[in-house]
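User: I would like to go through the helices of this protein and the surroundings of one side chain. Please reason each answer through before giving the value or name.

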Amino acid sequence: MTPELEQGTQDVAPEAAPAAPAPGVSSPARVAFLARLDAAKHDAGVAETDFRREAAARIEQLAAARAHAWRRADLMAALVAAVDATEDAEMAVAAGQALLRTRLGWTSDSDARTEVLARFAAVALALSEADAGGDPQAALAAFEDWYLETRQSPFWYLFEHYLSDTPLVDY
């Protein structure tokens, strides 16, 4: 053989047939196939867990929004009835504040409660003046926004913490 031919044959490696795996040992292709299936099942599990977490959070948000809407509608219906029974704006404000105190079970005052009642007065006043151009929707929204901004929780959350009167036990 000439050196050129020898050199040419050295550059080209003969294709080797894949060796048959030993009995009981999977081939690299089958191992890779199973690894891809395992990765897919892991990814599917992660996707399901993420979706369930997101769905649970969304359900919680929707449930809170529903509860707040019901509380809002219930309190405002009672407030409308209270305002309808008054003769003037001053009495409407007093009736609205008394209603809120009753609904929240506030039998004593604090600075925070006094502030909430003072801000809530605007809602009762707007309802009282609704026929003359008052905007109870805007007043309620402003009150809710103020409460959320200052207390870092929705106003309607107060209604979730009803504490019933407990009997005084004398030992």
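Analyst: Helices here are DSSP runs of H or I with at least four residues, numbered from the N terminus. The model is a predicted one, and Arg 71 is found in its helix α2.

User: How far apart are the end C-alpha atoms of α2, and what span should its 57 residues have?

Analyst: At 1.5 Å a residue, the 57 residues of α2 should span 84 Å. That expectation agrees with the model, in which the end C-alpha atoms of the helix are apart by 83 Å.

User: Is Arg 71 buried, exposed or partly exposed?

Analyst: Buried would require under 20% relative accessible area, and exposed would require over 50%. Because the relative accessibility of Arg 71 is 23%, this residue counts as partly exposed.

User: Which residue shares a polar contact with the side chain of Arg 71?

Analyst: Leaving aside neighbours within four places in sequence, Arg 71 is in contact with Trp 156, Phe 159 and Glu 160. Trp 156 is 85 residues away from Arg 71 in sequence, yet their C-alpha atoms are 6.8 Å apart in space. The polar contact, at 3.1 Å, joins the side chain of Arg 71 to that of Glu 160.

User: Which helices are included in what covers the buried residues of α4?

Analyst: The buried residues of α4 include Val 116, Leu 117, Phe 120 and Leu 127. For the buried residues of α2, among them Leu 75 and Met 76, the cover includes α3, α4 and α5. For those of α4, the cover includes α2, α3 and α5.

Methods:
Residues are numbered from 1 along each chain as its sequence is written. This is a predicted model: local features need pLDDT of at least 70, side-chain atom pairs count only at pLDDT 80 or more; totals for chains, interfaces and linings use all residues. Side-chain values use heavy atoms; hydrogens and water are left out. Buried means under 20% relative accessible area, exposed over 50%, partly exposed in between (1.4 Å probe, protein chains only). Helices (H or I, at least four residues) and strands (E, at least two) are DSSP runs, numbered from the N terminus. Contact means heavy atoms within 4.5 Å. The expected span of a helix is 1.5 Å times one less than its number of residues. A polar contact is a pair of N or O atoms within 3.5 Å; within protein, one must be able to donate a hydrogen and the other to accept it, and residues adjacent in sequence count only if both atoms are side-chain atoms.
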